[in-house]
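Got your viewer open? Let's take a walk through this model, one selection at a time.

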Amino acid sequence: MSRRGNARRASDAGQRPHRHTHGNAAVQHPGRSAGPARYYAQFPAGLSALVTASLEADVQAKLEFSDDSSAMFTSETSVRAIADLPYLKNVFHVLYDVPRRNLASALESFSAALAEGRLQLPREANGRPFRLMAHIDGQLAPLPKPARTHLENAIGRAARARVEARGLGEEYWIVGRRDLDRFLLARRGPKMTSKTRVPAGSLAPEVSDLLIRMSEPSKGDRFLDPFGGSHALARARSRYPAASIITSDTVLSRDADPGDLPRQVVVRCEDARQLPSIEDGSVTTIVTDPPWGEYESVDDLRKFLVATFASFARVLNPRGSRVVVLMNRRGVGLLLDVAQEAGFQVVASHDILVNGHPATATLLRPAPA
Ligand SMILES: C[S@@+](CC[C@H](N)C(=O)[O-])C[C@H]1O[C@@H](n2cnc3c(N)ncnc32)[C@H](O)[C@@H]1O
């Protein structure tokens with residue numbers, strides 16, 4: 001997959017109804033009558049194709065820009081509902097944008113737009129303390145003074161609010177991306193609590209959801225994660241209809257509180273190389289994150305994977321079944337050798353970052369006989 005930015009900008013006549021000489025005011029903000037809003041969202045690196053296709057399908061997003069880990073789009077859907085999409089990490093409502101030149105002049109342009117009424121802040125922000133931050137080319141960035149103070153004053157006047165540096169109120173962000181020719185002024189969307197509780201060693205909810213999406217979930221699926229850990233993948237799978245969901249591990253983690261798992265999810269304690277309770281051909285979908293032989297010690301990774309794929313071949317229905325496996329980048333060559341020897345073929349593969357570690361997610365199917 002290309003790691004280059006994919007600038008898909010709308011024409012003036014299309015998605016830019018409020019284009020201005022000095023910058024672009026956002027279209028109407030969510031919550032007010034009808035009309036689309038403009039969003040900027042971040043997601044796990046490497047899964048852009050999957051995320052943008054999901055946004056188009058789920059919230060009828062019209063994409064303006066996407067790169068390896070972010071996208072800008074318009075949608076009629078509210079900011080709360082967008083922030084609740086399980087595969088997005090941070091969601092921002094884009095208020096305004098200006099051509100990308102230098103940062104100080106961008107801040108002054110935003111201040112002028114506020115002072116002249118070309119940019120209005122959402123009503124919900126009124127009276128709410130705020131802070132101003134910048135994320136430029138993937139890094140937190142300092143904002144140059146005095147342009148920063150001018151913009152804080154302009155926001156303060158427009159929202160009748162004061163600066164609150166600890167981040168307990170509203171957050172306005174200046175966003176720049178290497179492949180985007182604009183600087184954005186955006187208001188951070190709500191932080192959804194469903195996305196914050198992740199035990200150490202567990203996959204983040206956004207990554208889990210995207211791995212599940214790779215498996216093309218459908219309601220007849222009999223799903224299995226045989227290396228369940230904290231059962232993050234079973235939890236993510238339970239957001240979509242399924243005939244059955246099983247998660248299993250040799251060690252039942254204290255972090256996987258069965259009380260917090262949906263009732264449909266069945267927890268087992270079995271070795272993935274044997275899976276004694278699972279009948280031959282009874283599973284349609286495996287999505288799993290086996291030990292990488294990096295953090296957990298595995299004596300002989302090849303031997304371990306050979307036994308694992310033999311077990312998968314036994315429990316999977318030979319017709320129409322899917323396997324999604326996450327493996328560290330170093331181990332993926334070995335994994336694919338073993339999978340192919342066991343009769344699977346590669347359908348798709350995405351290089352991603354898992355907590356900063358290079359990994360590859362691969363979709364496999366049993367090869368036709
Ligand atoms: C990388 S972790 C999975 C983490 C999980 N995806 C999560 O989000 O919590 C690999 C898991 O495989 C389990 N495991 C190791 N060997 C196993 C085996 N032979 N059979 C089943 N589970 C095993 C470990 O206990 C560990 O929980």
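Start with helix 7 (301-315), strand 16 (322-328), strand 17 (344-354) and strand 18 (357-366): they are among the parts that cover the buried residues of helix 8. Keep in mind as you look around that this is a predicted model.

**Stop 1: helix 8.** Now select helix 8 itself, residues 332-341. Which of its residues are buried? Color Val-332, Leu-335, Val-338 and Ala-339, and you have them. Look down the axis: these four sit on the same side of helix 8, because they cover an arc of only 125° around it. There's a neat bit of background here: an α-helix has 3.6 residues a turn, so residues three or four places apart point the same way. Before you move on, click Gly-343, just after helix 8; its phi is positive, about 95°.

**Stop 2: the ligand.** Select the ligand and show what surrounds it. You should find 20 residues, with Leu-203, Ser-230, Asp-249, Ala-272 and Asp-289 as the closest. Zoom in on Asp-249: an N or O atom in its side chain is 2.7 Å from an oxygen atom of the ligand. Next, try the backbone. Ala-272 has a backbone N or O atom 2.9 Å from a nitrogen atom of the ligand, while for Thr-250 a backbone N or O atom lies 3.4 Å from a ligand nitrogen atom. How much of the ligand does the protein bury? Taken alone, the ligand exposes 610 Å², and the protein buries 86% of that.

**Stop 3: helix 5.** Go to residues 205-214, which make up helix 5. Here nine of the 10 residues are buried, so helix 5 is largely enclosed by the rest of the structure. Among the buried ones you can pick out Asp-209, Leu-210 and Arg-213. After the helix comes Glu-216, with a positive phi near 50°.

**Stop 4: aromatic rings.** The model has eight aromatic pairs. For one of them, show Tyr-40 and Phe-92: the pair is tilted, with 5.8 Å centre to centre and 40° between the planes. Tyr-40 belongs to strand 4 (residues 37-42) and Phe-92 to strand 7 (residues 90-99), so the pair ties together parts 52 residues apart in sequence. Both Tyr-40 and Phe-92 are buried. Add Trp-173 to your selection, and you'll see a cluster of the three, linked by ring pairs.

For a last look, select Phe-227 and Phe-304, another tilted pair, 5.9 Å centre to centre with 45° between the planes. Phe-227 is in the loop between strand 12 (222-225) and helix 6 (232-237), and Phe-304 is in helix 7, 77 residues apart. Phe-227 and Phe-304 are both buried.

How values were computed:
Residues numbered from 1 in each chain as written. Predicted model: local features only at pLDDT ≥ 70, side-chain atom pairs only at ≥ 80, totals over all residues. Heavy atoms only, no water. Buried < 20%, exposed > 50% of the residue type's maximum accessible area, 1.4 Å probe, protein only. Helix = DSSP H or I, 4+ residues; strand = E, 2+ residues; numbered from the N terminus. Arc of directions from axis to C-beta. Contact = heavy atoms within 4.5 Å. Near = heavy atom within 4 Å. Polar contact = N/O pair within 3.5 Å; in protein donor to acceptor, adjacent residues only side chain to side chain. Areas by Shrake-Rupley, 256 points an atom, 1.4 Å probe, with all protein chains shown as cover. Phe/Tyr/Trp six-rings, centres within 6.5 Å; stacked < 30°, edge-to-face > 60°.
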